[in-house]
Amino acid sequence: MDKFLRELIERKKAEMTELQARSEKSEDVAEVRAIGGQLEAIKKEIEAAEEQLRALPVDNDPVPADAQLRNAQVVGSFGARGAQPEEDNMEYRQAFMEYVLRGTPIPTELRDNENTLTSDVATAIPTVLVNKIIEKMEKVGMILPLITRTSYAAGVIIPTSTLKPVATWVGKSGNLTGEGLGSDRQKKTTGQVVFTYHKLRCEISMSMEVGTMAISAFEAKFVENVSKAMVKAIEAAVINGDGTNQPKGILAETAPDGQAVTVTGGAISYATLIEMESAIPEEYEATAKWCMSKKSFMSLMGIVDDNGQPVARVTYGISGKIERTLLGRDVVIASTYMPNFAAATANTFAFAFDFSDYVLNTIYDMGISKKQDWDTEDLLTKAVMSVDGKVVSKDSLVTVSNVLAG
């Protein structure tokens, strides 16, 4: 069994190397996407086989026949779940709750039902809870609903034209049949992005008092805590990430020439607002949004145009939700992630951007690790996931910075 697993792992690694080489050379969007899916599947197969290899006896005692059969079945499915849906697997969900609340190890026979992880965590979050966390993140986030979401395999080279497709005319008819002419394949130079994975750890506290709650109440509380923690960390990185140990944020990019607006003299005038708006390229007229803190927006509320009309407006949509605009352009309030405009502080306090040009790449292989706080007796739980993100086009980026007099 040991020899079989090692040979299998080597074959899969060789196959993975070959596919990565094909992906780097390919200029076909569909082929790159297909290869990305194959790489992710092979990666999971390797991880599952390695897990089975580690589980084999370390001595030379023969492995019982029933154990060989069991191992062979798991390796053959490479971590895939059985026919029983995760939503119905109450046994694993109950064991997961016991682990989070009391630290009780999940029985070995139930671990086959875990997600296949790329991160080294103690145990996996049940799929049904992962789905609920994702859904909750979409609802509570301010920035997440606006950006582009993908799930490419790590290390796959993706042409930016894949993420931002371009249409071309094929020419007019040159014969009596009315049939259009074909177009040559575009020779357009495109950039490329390569997503890695940064581990995102968000610490949540599950109080000892929740130890007696029902599993439905536990799962609701767990989903709420994890989703809020994940959203704050991810959105902070989308805007301000340095790209080293976290995704590269929007403000880590340099705005194109003519699209970096500066405020001098410690005050924003109507002329400055006109300069800010005119810096946004025409092709992003309908899609670019301003992003700033609530205090920065409120500091603009008193500015009026030449006719005495306020340039910043607050209205209420059909649902009663507050909608803010600046010279008619939507404003995204992000007070948690953006500094406030202050006359005596030099900083970038606002920016305009088409958020769909930011791609967040994730594989929702969430897991957890935990420890106990001896001072409060609370069980500290860290939720872990793999995330990366990049700006694929900065053409829409307009930054607004306060510059102090030298």
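Helices (H or I, at least four residues) and strands (E, at least two) are DSSP runs, numbered from the N terminus. The model shown here is predicted, so local features need pLDDT of at least 70 and side-chain atom pairs count only at pLDDT 80 or more, while totals for chains, interfaces and linings use all residues. Residues are numbered from 1 along each chain as its sequence is written, and side-chain values use heavy atoms, with hydrogens and water left out.

**View 1. Ala334 sits in the loop between strand S10 (329–333) and S11.**
Welcome to the first close-up. Ala334 counts as buried because its relative accessibility is 0%; buried means under 20% relative accessible area, exposed over 50%, and partly exposed in between (1.4 Å probe, protein chains only). Beyond residues up to four places away in sequence, Ala334 touches Met142, Ile239, Cys291, Met292 and Ser293, where contact means heavy atoms within 4.5 Å. Look also for Glu235: this residue and Ala334 are 99 residues apart along the chain, yet 9.3 Å separates their C-alpha atoms.

**View 2. Seven strands form an open sheet with mixed pairing.**
Reading across, the order is S6-S14-S11-S7-S10-S9-S8. Two strands pair if DSSP finds at least two bridges between them. Strand S6 (260–263) and strand S8 (312–316) stand at the edges; each has a single partner strand, so one side of each is left without a neighbour in the sheet. From one strand to the next, the twist averages 30°. At the S6 edge, four bridges pair S6 with strand S14 (residues 398–402) in the parallel sense, and Thr262 stands opposite Ser401 in S14.

**View 3. Strand S10 is mostly covered, with four of its five residues buried.**
S10 and S7 run parallel and are joined by three bridges; here Met292 stands opposite Ile333 in S10. S9 and S10 pair in the antiparallel sense, over two bridges, and Thr325 is the residue opposite Asp330 in S10. The hairpin of S9 and S10 has two residues between the strands, and Leu327 takes a positive phi near 55° there.

**View 4. Helix H8 lies across five strands of the model: S6, S7, strand S9 (322–326), S10 and S14.**
H8 runs at about 170° to S6; axes are lines fitted to C-alpha atoms, for helices over the stretch in contact, and angles run from 0 to 180 degrees between N-to-C directions. A handy residue to pick out is Thr272, found in helix H8 (residues 270–278). Thr272 is buried, because its relative accessible area is 11%. Leaving out residues up to four places away in sequence, Thr272 touches Val261 and Val263. The side chains of Thr272 and Ser269 make a polar contact of 3.1 Å, meaning a pair of N or O atoms within 3.5 Å; within protein, one must be able to donate a hydrogen and the other to accept it, and residues adjacent in sequence count only if both atoms are side-chain atoms.

**View 5. Asp395 lies in the loop between S13 and S14.**
With 42% relative accessibility, Asp395 counts as partly exposed. Its side chain joins that of Ser393 through a polar contact of 3.5 Å. Setting aside neighbours within four places in sequence, Asp395 is in contact with Pro256, Gln259, Pro281 and Tyr284. Asp395 and Glu283 are 112 residues apart in sequence, and 9.5 Å apart in space from C-alpha to C-alpha.

**View 6. The largest nonpolar core holds 51 residues.**
A nonpolar core is a set of buried Ala, Val, Leu, Ile, Met, Phe, Trp, Tyr and Cys residues joined through side-chain atoms within 4.5 Å. Ile125, Phe222, Ile234, Ile250, Phe351 and Phe355 touch the most other members. Among the elements that each supply at least two residues are helix H4 (90–102), helix H7 (215–240) and strand S11 (347–353), and H7 gives the largest share, 11 residues. Apart from this core lies another, of 25 residues, including Ala279, Trp290, Ile333 and Phe349.

**View 7. Confidence varies along the protein, from a mean of 34 in helix H3 (residues 65–77) to 95 in strand S7 (residues 289–292).**
The pLDDT is the predictor's confidence in each residue, from 0 to 100. For the protein, the mean pLDDT is 74, and 68% of the residues reach 70 or more. Over residues 113–120 the pLDDT stays under 50, and the model has 32 contacts beyond four places in sequence for them.
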